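Here is a briefing on one protein chain, written for the bench. Look over the sequence and the model, then read the points by topic.

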Amino acid sequence: MKVLTPVLSLCIAFAIVSCSPHRKENEVKEPSLREAVKDKFLIGTALNTNQIWGKDSATVKIVKEQFNSIVAENCMKSMFLQPKEGEFNFKDADKFVEFGEQNNMFIIGHTLIWHSQAPAWFFTDDKGKDVSKEVLTDRMKKHITTVVSRYKGRIKGWDVVNEAILDDGSWRDSKFYKIIGEDFIPLAFEFTHAADPDAELYYNDYNEWQTGKRDAIVKLVNSLKEKGLRIDGVGMQGHIGMDYPNLEEYKTALDAYSATGVKVHITELDMSALPSPWGNTGANISDTIAYHREMNPYTTNLPDSVSTIWTERMGDYFKLFLDNSDKIARITLWGVTDNDSWKNDFPIRGRIDYPLLFDRQYKAKAVVKEIIDMADGANLPNN
C-alpha cells in the first residue's frame, strides 16, 4: 500500500475543501431591496443611536444588506446637537456620518429647523422672554452654518425645514413663525445653501396628501424658486395607515409636487397595522380600558388575516412608487424592524405595532419579496 506524502495529503485535503458545496463563496446571495430598485430610486432607513454605534448588530446587518441611504432618526435634531447656546455635541452625529461613509450610503441630515425637539433657549432670552426677530435669525444662521459646514460634502441632502404647515394649509404657529414670520423658511434655505452649495435641500412634512397642505407646499416651493433659492425636493413623510390615505390621494399629491420641478422623497414611510386612535373616548374609566384594548388589539402577533391586508396595501404603495420612479428620488423607511418603530407606544403607552418591512425576529416580511419581484419586472426591457 502506497503511503501518501504529507504534501500530497495536504493538496488532496485542500481540493476536497475547495469543492465543498458548503463553501461560502458558492452560496447564492439573496436578492436585496437596494439591488432591485437601484435603477429606480434610493432605498433608505432611519437609524437610532444603538444602530449607529453598532450595539444592535442584527439590525445593522439588515441595513448594510438592504439599504443604500440613511437618515438619523433623532441625533441630528437641534435639541441634541446644540442643547445649550454655543455648546455643540456632535458625538452621535459624527458616528452616524461615519457609518454612512463606511458603507457607501447616501446620507441625509434631519432636520435643521423644526418647532419640535428644539432647545428652549433657541427662542428666549435670559429672562425667559421671546427674543427679537434679529436675534432668532442670527441663532438660526449660526446653528445651520455650524452644522452644515461640519459635514460639507459628506451629507448629501438636508431636511432644511420640517412641518411648518398645518393640514388646512395655514402656517403652524411655531416660535419661528411668531417671531420671524414667513421669512424663516427662505432664510433657512439661504443659510443652508451658503454653508454647502452642493448639498440637496428639502422641505419635509406629514399628511402631505391632504388638499390644503398639499396646495400650500406647492405654493411654498414655487415661492422659494421665484426668490432664486435652491430647493431640490419635497419630503412626503408617508406615515400611512390601513385605510388612509387612498392611493389616488397620494398619487395626486405626488404629481402636484413633481409638477413644481423638484423630486419627491418618501421620507418617513411606515404603515400602522392598528386602528386609528383619534376620536372621543369618554371619561368613564371602564370606557378608557376598553378603548385601550381596542386600540392595541395585537399584543402577541399580527393575525394572518390582518397581515395579508397589510402586505397587499404596502405592496400597492410600492407599485405606485415604482410606476412613478421618474418623479421619486428616494424611499426612506422610518425604522428598520417593528422592534424600533416610533409607532410602538404612540399615542398610547403599551401599543404594539407592525409598520415596517422587517419583523421583530429581524426577518423580511412577505412584502419585501413582492417589492423585489415588482422591481425586477419593471426592469425588464418591455416594461
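What percentage of the 383 residues of the protein chain count as buried? The figure is 48%. Keep in mind that this is a predicted model. The chain holds 14 helices and nine strands. Take the contacts between residues at least 6 apart in sequence: 77% of them join residues at least 24 apart.

**The annotated residue, Glu268**

- The UniProt record, an unreviewed entry, places the annotation "active site" on Glu268.
- Glu268 sits in strand S8, which runs over residues 263-271.
- Its relative accessible area is 5%. The cut-off for buried is under 20%, so Glu268 counts as buried.
- The side chain of Glu268 makes a polar contact with the side chain of Asn204, at 3.1 Å.
- Setting aside neighbours within four places in sequence, Glu268 is in contact with His110, Asn204, Met236, Gln237, Gly238, His239, Thr332 and Trp334.
- Asn204 therefore appears in that contact list and also as the side-chain polar partner of Glu268.

**The largest pocket**

- The largest pocket encloses about 620 Å³ of space.
- Its lining has 29 residues. Those nearest the centre are Tyr206, His239, Trp342, Lys343 and Phe346.
- His239 is also one of the residues in contact with Glu268.
- By class, the lining of this pocket has twelve nonpolar, ten polar and seven charged residues.

**The second largest pocket**

- The second largest pocket has a volume of about 540 Å³.
- It is lined by 21 residues. Nearest its centre lie Glu30, Pro31, Ser32, Glu65 and Gln66.
- Three elements give two or more residues each to this lining: helix H2 (33-36), helix H4 (57-66) and helix H14 (366-378).
- Helix H4 supplies the largest share, six residues.
- The lining of the second largest pocket divides into eight nonpolar, three polar and ten charged residues.

**The cavity**

- How many cavities of 30 Å³ or more does a search of the whole structure find? The search finds one.
- The largest cavity has a volume of about 60 Å³.
- Its lining consists of Ile113, Trp114, His115, Val161, Asn162, Glu163, Ala164, Arg172, Ser174, Phe176 and Phe184.
- Strand S3 (106-114) and strand S4 (157-162) each contribute at least two of these lining residues.
- Six residues of the cavity lining are nonpolar, three are polar and two are charged.

**Leu47 in strand S1**

- Leu47 belongs to strand S1, residues 42-47.
- Is Leu47 buried or exposed? Leu47 is buried, because its relative accessible area is 1% and the cut-off is under 20%.
- Beyond neighbours within four places in sequence, Leu47 is in contact with Ile52, Val63, Ile70, Val71, Ala72, Glu73, Phe96 and Phe99.
- One of these contacts, Val63, falls within the residue range of helix H4 (57-66).
- Leu47 and Asp340 are 293 residues apart along the chain. Their C-alpha atoms are separated by 9.2 Å.

**Ser341 in a loop**

- Ser341 is found in the loop between strand S9 (328-333) and helix H14.
- Ser341 is buried, with a relative accessible area of 5%.
- A polar atom of the Ser341 side chain lies 3.0 Å from the backbone nitrogen of Lys343.
- Lys343 is also among the residues nearest the centre of the largest pocket.
- Not counting residues up to four places away in sequence, Ser341 touches Pro355 and Leu356.

**Arg214 in helix H10**

- Arg214 lies in helix H10, residues 211-226.
- The relative accessibility of Arg214 is 15%. That is under the 20% cut-off, so Arg214 counts as buried.
- Leaving aside neighbours within four places in sequence, Arg214 is in contact with Glu208, Thr252, Ala253, Ala256 and Tyr257.

Conventions: Residues are numbered from 1 along each chain as its sequence is written. This is a predicted model: local features need pLDDT of at least 70, side-chain atom pairs count only at pLDDT 80 or more; totals for chains, interfaces and linings use all residues. Side-chain values use heavy atoms; hydrogens and water are left out. UniProt positions are given in the numbering used here, feature names are shortened, and annotations may be inferred rather than shown by experiment. Helices (H or I, at least four residues) and strands (E, at least two) are DSSP runs, numbered from the N terminus. Buried means under 20% relative accessible area, exposed over 50%, partly exposed in between (1.4 Å probe, protein chains only). Contact means heavy atoms within 4.5 Å. A polar contact is a pair of N or O atoms within 3.5 Å; within protein, one must be able to donate a hydrogen and the other to accept it, and residues adjacent in sequence count only if both atoms are side-chain atoms. On a 1 Å grid over the protein atoms alone, a cavity is a set of points where a 1.4 Å probe fits but cannot get out, and a pocket is an open set with protein on both sides within 12 Å along at least five of seven lines; lining residues have an atom within 4 Å of a point. Grid points are joined across faces, edges and corners, and a volume is the space filled by probe spheres set on the points. Ala, Val, Leu, Ile, Met, Phe, Trp, Tyr, Cys and Pro count as nonpolar, Asp, Glu, Lys and Arg as charged, and the others, Gly among them, as polar.
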